[in-house]
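Got the model open in your viewer? Set it to cartoon, keep the selection box handy, and we'll walk through it stop by stop.

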Amino acid sequence: MSTNPPRLPGELSFMALVVAFSAFMLWSSFRISKFDSISSPGVFPMFCAGLMLVTGLMSLRQAWKASPSADTDQTVFQQFVIQLAPLKLILFVALIVGYMLALEVTGFLVSSYAFLLMSMQVLGSKKIVVNLWVSALVLFCIFIVFQTAFSVVLPAGSLLGPYTPEWLK
């Protein structure tokens, strides 16, 4: 006896969008060559879009039949936000944005080291000493590969001003 899992918040809307997109892609691929022959340029895209439409309709039907999740202490919108954007994801995106902003100011080495350390913390590593060493080792390897093998000049950062140490060149 198999029981259907409950419908996730936003699942029905997403599946409806997949079906609409699939139908649009099927129509667009049909317009390529109007299915003149089995070897015409639009046949493979039509096949793929048709397959996507059929499986999308099957998934939409399954989502329609499933009962909504039974978590009653949260609204559907709250459940949707929690599932779509958990705290770990938001923190990691913030780290990436911070890394991009810090890269120009502090340079590749400092900003990458800080990013690696904080990323490991956000992703759940609790071993501070191991994180310090792993970040340094990974950064050293990346630096050596990009400097020597690829001859890429990594940004030194504006904190160093016009002075760039010889080993960074």
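Here is a short tour, beginning with the whole chain and then going helix by helix.

**Stop 1: the whole chain**

Bear in mind that this is a predicted model. Color by secondary structure and you'll find 5 helices and 0 strands. Follow the sequence from start to end and the pattern reads α-α-α-α-α. Now switch to coloring by accessibility: of the 169 residues in the chain, 21% are buried. Contacts are worth a look too. Taking those with a separation of 6 or more, 57% are between residues 24 or more positions apart.

**Stop 2: helix H1**

Select residues 11-33, which is helix H1. H1 has 23 residues and runs 34 Å from its first C-alpha to its last, close to the 33 Å expected at 1.5 Å a residue. Which residues of H1 are buried? Show side chains for Met15, Val19, Ser22, Ser29 and Ser33. Those buried residues of H1 pack against H2, so keep them on screen for the next stop. A general point helps when you look at their spacing: an α-helix has 3.6 residues a turn, so residues three or four places apart point the same way.

**Stop 3: H1 against H2**

Add residues 43-65, helix H2, to your selection. Two packed helices are described by the angle between their axes and the distance between the axes. For H1 and H2, the axes come within 8 Å and cross at roughly 160°. Angles over 145 degrees count as roughly antiparallel, and that makes H1 roughly antiparallel to H2. The crossing of this pair is left-handed. Color the contact by residue class and you get 20 nonpolar, 5 polar and 1 charged residues.

**Stop 4: the link from H1 to H2**

Step just past the end of H1 and click Lys34, which has a positive phi of about 55°. Then move on to Pro41, in the loop between H1 and H2. Is Pro41 buried or exposed? Pro41 is exposed, because its relative accessible area is 64% and anything over 50% counts as exposed. Even so, Pro41 has partners: leaving aside neighbours within four places in sequence, it is in contact with Ile32 and Ser33. Try a distance label from Pro41 to Ser29 as well; they sit 12 residues apart in sequence and 8.9 Å apart in space, C-alpha to C-alpha.

**Stop 5: H4 against H5**

Hide the first pair and select residues 87-122 (helix H4) and 128-149 (helix H5). Their axes come within 9 Å and cross at roughly 140°. That makes H4 oblique to H5. The crossing of H4 and H5 is right-handed. To see the contact, show side chains on both helices: on H4, pick residues including Phe108, Leu109, Tyr113, Leu116 and Met120, and on H5, residues including Ile128, Leu132, Val138, Ile142 and Phe143. By class, the H4 and H5 contact has 14 nonpolar, 4 polar and no charged residues.

**Stop 6: Ser119**

For the last click, stay on helix H4 and pick Ser119. Where does its accessibility put it: buried or exposed? Ser119 counts as buried, because its relative accessibility is 7%, and the cut-off for buried is under 20%. Beyond neighbours within four places in sequence, Ser119 is in contact with Phe92 and Leu95. Show those side chains alongside Ser119, and that's the end of the tour.

Key:
Residues are numbered from 1 along each chain as its sequence is written. This is a predicted model: local features need pLDDT of at least 70, side-chain atom pairs count only at pLDDT 80 or more; totals for chains, interfaces and linings use all residues. Side-chain values use heavy atoms; hydrogens and water are left out. Axes are lines fitted to C-alpha atoms, for helices over the stretch in contact, and angles run from 0 to 180 degrees between N-to-C directions. Helices (H or I, at least four residues) and strands (E, at least two) are DSSP runs, numbered from the N terminus. Angles under 35 degrees count as roughly parallel, over 145 as roughly antiparallel, 65 to 115 as roughly perpendicular and the rest as oblique. A crossing is left-handed if the near helix is turned anticlockwise from the far one by less than a right angle, and right-handed if clockwise. Ala, Val, Leu, Ile, Met, Phe, Trp, Tyr, Cys and Pro count as nonpolar, Asp, Glu, Lys and Arg as charged, and the others, Gly among them, as polar. The expected span of a helix is 1.5 Å times one less than its number of residues. Buried means under 20% relative accessible area, exposed over 50%, partly exposed in between (1.4 Å probe, protein chains only). Contact means heavy atoms within 4.5 Å.
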